[in-house]
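Please open the model in your viewer and keep the sequence panel beside it, as this tour moves from one selection to the next. Each stop says what to select and then what is there.

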Amino acid sequence: MLPSPPLQMVACSLLLFLLLPPLLFRPAAAAEYTVGDGPWDSGTNYAVWADKHAFAAGDILVFQYVKSQHNVVQVTESTYRSCDTGGGVAGVVKTYTTGFDKIQLTEPNTTYWFICDFPGHCLGGMKLAVKVSGAGAGAGGGGSPPPSGVPLHPTSRGAAARSGWPAVWGSLTLAVLVFVINYCIAF
Ligand SMILES: [Cu+2]
């Protein structure tokens with residue numbers, strides 16, 4: 001009868017090889033936010049809403065609105081402040097008009113500026129500034145906020161807004177890993 005330890009070692013190595021990568025390279029948890037927790041309209045204070053969340057690179061903003069009544073225009077900071085796009089071109093980075101716009105915040109350490117360009121809406125409060133931290137989701141630290149001239153939204157570094165599944169997923173993987181290590185040590 002052949003001794004089994006070599007086979008066990010191979011099996012253990014294989015299991016660890018398969019289990020370690022997903023544990024080490026967890027997918028980043030990109031959070032998806034419905035802007036204002038409701039429709040993009042004139043009746044929401046978006047500064048207050050943005051203050052409640054800590055945005056990370058990769059997160060997605062969802063603007064929901066009646067497209068004949070509003071739009072979403074990503075603008076420069078100065079246009080955000082003036083609310084004047086000069087006919088839709090001055091300081092305009094990108095215009096969205098579908099009524100259901102999903103916009104990913106791809107750049108870390110960046111502030112994204114959005115307004116509605118329908119007459120009077122921006123001045124009436126339809127404007128959103130979102131400060132994206134440098135830290136990836138769940139990473140907890142890292143980048144410092146950009147030196148913006150205007151104090152914006154002091155982001156709490158917590159991940160409260162993030163979905164909990166990655167943590168659960170990581171815990172499960174860890175549990176299985178511990179089980180396998182125990183199994184391997186037994187031989
Ligand atoms: Cu509007």
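Begin by selecting β3, where the side chains alternate: L61 and F63 point to one face and are buried, while I60, V62 and Q64 point to the other face and are not. Buried here means that 20 or more other C-beta atoms lie within 10 Å of the residue's own, exposed means 12 or fewer, and partly exposed is in between, with C-beta atoms placed from the backbone. Strands (E, at least two residues) and helices (H or I, at least four) are DSSP runs, numbered from the N terminus.

Before going further, note that this is a predicted model, in which local features need pLDDT of at least 70 and side-chain atom pairs count only at pLDDT 80 or more, while totals for chains, interfaces and linings use all residues. Residues are numbered from 1 along each chain as its sequence is written.

**The sheet around β3**

Keep β3 selected and add its partners, which gives an open sheet of three strands in the order β1-β3-β6, with mixed pairing. Two strands count as paired if DSSP finds at least two bridges between them. The edge strands, each pairing on one side only, are β1 (32–34) and β6 (100–104). Neighbouring strands of this sheet are turned against each other by 20 degrees on average, direction ignored, where the axes are lines fitted to C-alpha atoms and angles run from 0 to 180 degrees between N-to-C directions.

Now look at the two sides of β3 in turn. With β1, strand β3 (residues 60–64) pairs in the parallel sense over three bridges; here Y33 has L61 as its bridge partner, and T34 stands opposite V62. With β6, the pairing of β3 is antiparallel and runs over five bridges, and the bridge partner of F63 in β6 is D101.

**The second sheet**

Next select the open sheet of five strands, whose order is β2-β8-β7-β4-β5 and whose pairing is mixed. Its edge strands are β2 (55–56) and β5, each of which pairs on one side only. Inside this sheet, β7 and strand β8 (residues 127–133) run antiparallel and are joined by six bridges, and F114 has L128 in β8 as its bridge partner.

**The nonpolar core**

Which residues touch the most other members of the largest nonpolar core? Select L105, F114, I115, V130 and V132, which hold that place among the 25 residues of this core. A nonpolar core is a set of buried Ala, Val, Leu, Ile, Met, Phe, Trp, Tyr and Cys residues joined through C-beta atoms within 7 Å. The elements that give two or more residues to this core are β2, β3, β4 (72–75), β7 and β8, and the largest share, four residues, comes from β7.

Stay with L105, which, leaving aside residues up to four places away in sequence, touches F55, A57, D59, L61, Y112, V130 and V132; two residues are in contact if their C-beta atoms, placed from the backbone, lie within 7 Å. From that list choose F55, which lies in strand β2 and is buried because 24 other C-beta atoms are within 10 Å. Then measure across to V130: F55 and V130 are 75 residues apart in sequence, yet 7.3 Å apart in space, C-alpha to C-alpha.

**Two loop residues**

Turn to C83, in the loop between α3 (77–82) and β5 (92–96), where phi is near 60 degrees, a positive value in a residue other than glycine. C83 counts as partly exposed because it has 18 C-beta neighbours inside 10 Å. A further stop is N109, in the loop between β6 and β7 (110–115), which has a positive phi of about 50 degrees although it is not a glycine. N109 is partly exposed, with 16 other C-beta atoms within 10 Å.

**The whole chain**

Finally, show the whole protein chain, which has four helices and eight strands and follows the pattern α-β-α-β-β-β-α-β-β-β-β-α along the sequence. Of its 187 residues, 21% are buried.

Colour the chain by pLDDT, the predictor's confidence in each residue from 0 to 100: the average is 77, and 57% of the residues score at least 70. Over residues 138–165 the pLDDT is below 50, and this stretch has 45 contacts in the model beyond near neighbours in sequence. Where pLDDT is low, the predicted coordinates should not be read in detail.
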